[in-house]
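Q: I would like to learn how to read the contact between two protein chains, and then how to judge cysteines and buried charges. Could we work through an example together?

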Amino acid sequence: MQILRLCLEALLLREEAYSQMSEASTPFLKGFLLIIGVGITISLVGIIGETLEWATIPSTEEIRKVVLEGVRKMPWYKEMAAEAPEALERLDLFLNMIKFITPNPWRAVINVVTTPIAFLISWLVYSFLAHIFARILGGKAKIAQTLGCTALAVSPQLLKLANILPYVEIGGVVGAWTLACNYLAIKIAHRLSSGRAFWATFLPFIIISLLLILLIAGGVALAIATIGALGGKP
Amino acid sequence: MKEFFKISQGVLSLDTETFVNFRDSKDVFKRGLTILVVITLIAGSVRFVLDLIGDIMGPPPREQLKRTERDLERTFEALRAFPGIQPEVLRRIEESAKAGMRIGFGVMAIPTRLPYRVGSVFKDVGRFASRPFVRLSGWMFYTLAVLVIAKLLGGRATLQQMLGTTALYSIPHLLDILGPIPCLGALLGIIATVWGFVIYVKATAVANELSIARATFATILPALVIFALIGAMVIMGILIALIPG
């Protein structure tokens with residue numbers, strides 16, 4: 001219960017919550033449990049909203065049938081079928097892919113496992129990098145304190161409890177709010193000035209973004225090289 | 001409630017003391033956040049009720065299709081009166097539009113696990129409940145950017161003071177409640193936006209203890225950067241499209 005109270009106070013950007021976590025006896029364990037708990041809770045709630053949404057949309061197979069039938073009745077269909085038959089194949093392929101973006105209760109069930117894992121990975125990677133930068137900038141906290149405080153930045157994810165209602169869009173507020181919480185977490189755990197805390201909060205994002213860009217560029221280059229080696233034209 | 005009216009009155013009249021008291025109040029972020037969320041919900045309430053009534057009492061998809069087809073025919077009838085539009089081209093556009101519309105209504109008419117009207121009500125509720133999140137997203141990202149600029153200009157606000165005080169910009173948006181009224185709604189929307197902007201600048205100035213000129217610069221700069229980036233991307237896109245081959 002105490003951890004839940006801390007989480008809500010952290011959401012409201014109350015500095016006492018971050019100080020308490022920093023001075024707690026086992027900040028890493030508390031942070032770990034908080035992240036798992038929030039991840040599982042929002043995923044369970046998400047199942048309800050996703051199921052209700054799924055129950056109010058037609059089956060994707062029916063949608064595909066109606067659209068293809070409608071396209072065949074279009075005035076330009078015959079011309080298109082003769083001149084560009086591949087366009088109709090692409091349309092069919094696109095309609096088959098709709099099922100991957102429409103609501104699906106089973107996918108929501110899988111999220112109960114994948115969401116906490118994703119939260120844990122991003123928390124560990126971000127906190128580790130933020131800790132290094134904070135220490136370089138004169139920070140005083142131990143790694144366990146950094147991890148405990150930055151775990152409180154998972155609190156904006158609680159906004160996703162609104163997903164108990166179908167068709168609710170949370171938007172980018174979780175990202176901005178998490179950023180604000182991380183800033184306070186680093187500032188208070190490491191007792192840094194506003195300017196130094198800002199850089200310690202942002203530099204990990206810049207590093208992660210650069211790594212992702214490099215990874216994507218490397219993947220694309222590898223794919224092009226593989227296609228070339230197999231004798232195809234890239 | 002009484003306190004809210006007092007704050008609103010002071011904020012709308014740009015009373016510096018109201019802004020200072022609000023900035024220095026305990027839990028300024030929570031207070032600002034509450035005002036922003038409540039106002040956004042109140043402002044969207046009339047639209048929500050109208051949408052709800054429309055969806056509960058409105059005609060079924062088949063009837064909607066007939067009505068829309070009739071409207072479309074009238075539009076094309078009017079277009080035929082214009083000289084210079086080739087009748088064959090117009091006929092083809094009309095046929096395609098009608099066929100596209102039939103696909104849309106055909107999808108709407110497919111039976112769902114829950115009745116069609118339940119789905120419509122869910123969508124209305126979802127849209128209404130999403131309003132505060134949409135507003136919060138824009139406001140929070142933008143305010144964090146303004147805070148960075150304000151700090152570079154010598155600003156002294158804490159994160160909580162900046163977010164809490166600038167949330168007051170939402171108060172004139174109570175006028176959005178009249179949004180569904182044709183013409184007047186749009187006019188009031190413009191007034192609310194301009195008034196909200198002025199309050200935002202004042203809030204930034206008070207929270208950071210900056211002059212109005214510096215606060216205006218800090219408020220406008222992120223928008224200018226965003227526009228410049230969009231402009232640069234558009235120009236780059238055009239240049240890439242113009243490169244032959």
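A: Let us begin with the term itself: buried area is the accessible area, taken with a 1.4 Å probe, that two parts lose on being put together, summed over both. The model shown here is a predicted one.

Q: How much area do chain B and chain A bury between them, and on which atoms does it fall?
A: The size of an interface is often given as the accessible area lost when the parts come together. In this model chain B and chain A bury about 3300 Å² between them, with 74% of that area on carbon and sulfur atoms. On the chain B side, Ile103(B), Arg113(B) and Phe133(B) lose the most area to chain A, and together they account for 19% of what that side buries.

Q: How many residues does the contact take from chain B and from chain A?
A: The contact takes 36 residues from chain B, while chain A gives 42 residues.

Q: Which polar links should I look for between chain B and chain A?
A: Between the two chains there are 10 residue pairs in polar contact, counting those with both residues at pLDDT 80 or more, and the count of salt bridges is 1. Asp27(B) forms a salt bridge with Arg14(A), in which the closest N and O atoms are 2.3 Å apart.

Q: Which helices of chain B supply the side that touches chain A?
A: At least two residues each come from α3 (28-57), α5 (87-109), α6 (116-152) and α7 (159-166) of chain B, and α6(B) gives the most, with 16 residues. By residue class, the side of chain B that touches chain A divides into 19 nonpolar, 9 polar and 8 charged residues.

Q: How many disulfides are found over all chains, and why is Cys149(A) not bonded to Cys181(A)?
A: A disulfide is a covalent bond between the sulfur atoms of two cysteines. A search of the whole structure finds 0 disulfides; for Cys149(A), the closest cysteine sulfur is that of Cys181(A), and because the two sulfurs are 11 Å apart, they are too far for a bond. As for their surroundings, Cys149(A) is buried, with a relative accessible area of 0%, whereas Cys183(B) is exposed at 68%.

Q: Is Asp124(B) buried or exposed?
A: Asp124(B), which lies in helix α6 of chain B, has a relative accessibility of 2% and therefore counts as buried. Leaving aside residues up to four places away in sequence, Asp124(B) touches Phe48(B), Asp51(B), Leu52(B) and Asp55(B).

How values were computed: Residues are numbered from 1 along each chain as its sequence is written. Chains are lettered from A and ligands numbered from 1 in the order in which they are written. This is a predicted model: local features need pLDDT of at least 70, side-chain atom pairs count only at pLDDT 80 or more; totals for chains, interfaces and linings use all residues. Side-chain values use heavy atoms; hydrogens and water are left out. Contact means heavy atoms within 4.5 Å. A salt bridge is a side-chain nitrogen of Lys or Arg within 4 Å of a carboxyl oxygen of Asp or Glu. A polar contact is a pair of N or O atoms within 3.5 Å; within protein, one must be able to donate a hydrogen and the other to accept it, and residues adjacent in sequence count only if both atoms are side-chain atoms. Helices (H or I, at least four residues) and strands (E, at least two) are DSSP runs, numbered from the N terminus. Ala, Val, Leu, Ile, Met, Phe, Trp, Tyr, Cys and Pro count as nonpolar, Asp, Glu, Lys and Arg as charged, and the others, Gly among them, as polar. A disulfide is a pair of cysteine sulfur atoms within 2.5 Å. Buried means under 20% relative accessible area, exposed over 50%, partly exposed in between (1.4 Å probe, protein chains only).
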